[in-house]
Each structure stands twice: as C-alpha cells, then as structure tokens.
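Biologist: I've got a new model on my screen and plenty of "how do you know" questions. Could you walk me through it?

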Amino acid sequence: MSYPTRTELNNDVLRARISKLEEERYRLRFLLWLRHGCEITALYGDDGEMSCGKCGIDFKRFTVEQIANTWKAAARRVLDETGGEGC
Ligand SMILES: [Zn+2]
C-alpha cells in the first residue's frame, strides 16, 4: 500500500468541494423552481425534471443567464402591453 501524494490529497479535497457545490446548486435550483412565482399547477417535476409550463423555463437545464433573459423578456412584454404601468 502506498500513501497518497500531496496532489492526490489536494484533488480529493477539491472533488469534495465541487461535490458540495453541485449539491448546493441543485438545491438552489429546486427552490427557485418551486418558488419562482408561477402557480404550482404550472410546475412539472416528474422524473427529476424542474420545468414550468407557464413561463417556459427549464430550471434543470437553462443557464442562469437564460433564466434571467426569459424573465426580462416577460417583464418587457408586460411594460409594453401596459404602456409602462407594470402589473
Ligand atoms: Zn414559471
């Protein structure tokens, strides 16, 4: 049996940190999907999916930029439709 090298130990630490960040990222996406403001009946969550039939966002696959752009476009449509009066 050989001892792990310093590089192997560092890699193990980094892998553990990445794993923890990935878990946290998943949990935050789940919470965003669940509480982003659309009705619960619009949410699709079978088979590990996290999408919304109302705003069309796939919270599992969209990048943060895609999610932000989708919401910005929706806000722009509301402003255009209401002449800037908002909701
Ligand atoms: Zn939605």
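Modeller: Sure, let's go from the overall picture down to single residues.

Modeller: Two ground rules before we start. This is a predicted model, so local features need pLDDT of at least 70 and side-chain atom pairs count only at pLDDT 80 or more, while totals for chains, interfaces and linings use all residues. Residues are numbered from 1 along each chain as its sequence is written.

Biologist: Fine. What secondary structure does the protein have, and what counts as a helix or a strand?

Modeller: There are 2 helices and 2 strands, and along the sequence they come in the pattern α-β-β-α. Helices here are DSSP runs of H or I with at least four residues, strands are runs of E with at least two, and both are numbered from the N terminus.

Biologist: How do you know whether the protein fits the compact globule rule?

Modeller: We set its radius of gyration, taken over C-alpha atoms, against 2.2 Å times the number of residues to the power 0.38. For 87 residues a compact globule would come out near 12 Å, but the protein has 20 Å. The C-alpha trace spans about 70 × 30 × 15 Å along its principal axes.

Biologist: And how much of the protein is buried?

Modeller: Of the 87 residues, 3% count as buried. The cut-offs are 20 or more other C-beta atoms within 10 Å for buried, 12 or fewer for exposed, and partly exposed in between, with C-beta atoms placed from the backbone.

Biologist: How do you know that the length of helix 1 agrees with its residue count?

Modeller: The expected span is 1.5 Å times one less than the number of residues. Helix 1 covers residues 6-35, so its 30 residues should span 44 Å, and the end C-alpha atoms are 43 Å apart, which agrees. Helix 1 is hardly covered, with 1 buried residue. Gly37 follows helix 1 with a positive phi near 115°.

Biologist: What makes you say helix 2 lies largely in the open?

Modeller: The number of buried residues among its 19 is 0, so helix 2 lies largely in the open. Its span agrees too, because 27 Å is expected and its end C-alpha atoms are 27 Å apart. Just after helix 2, Gly83 has a positive phi of about 65°.

Biologist: Why is Thr70 called partly exposed?

Modeller: Thr70, in helix 2, has 16 C-beta neighbours inside 10 Å, which falls between the exposed and buried cut-offs, so it counts as partly exposed. Leaving out residues up to four places away in sequence, Thr70 touches Cys55, Gly56 and Ile57; a contact means C-beta atoms, placed from the backbone, within 7 Å. The C-alpha atoms of Thr70 and Gly56 are 8.3 Å apart.

Biologist: Why do Ala68 and Val64 count as exposed?

Modeller: Ala68 has 11 other C-beta atoms within 10 Å, so it is exposed. Val64, also placed in helix 2 (residues 64-82), has 9, so it counts as exposed as well. Between C-alpha atoms, Ala68 is 9.9 Å from Ile57, and Val64 is 16 Å from Leu21.

Biologist: What makes the phi of Asp47 worth a look?

Modeller: Its phi is near 55°, a positive value in a residue other than glycine. Most residues other than glycine have a negative phi. Asp47 sits in the loop between strand 1 (43-44) and strand 2 (51-52). With 5 other C-beta atoms within 10 Å, Asp47 is exposed.

Definitions and conventions. Two residues are in contact if their C-beta atoms, placed from the backbone, lie within 7 Å.
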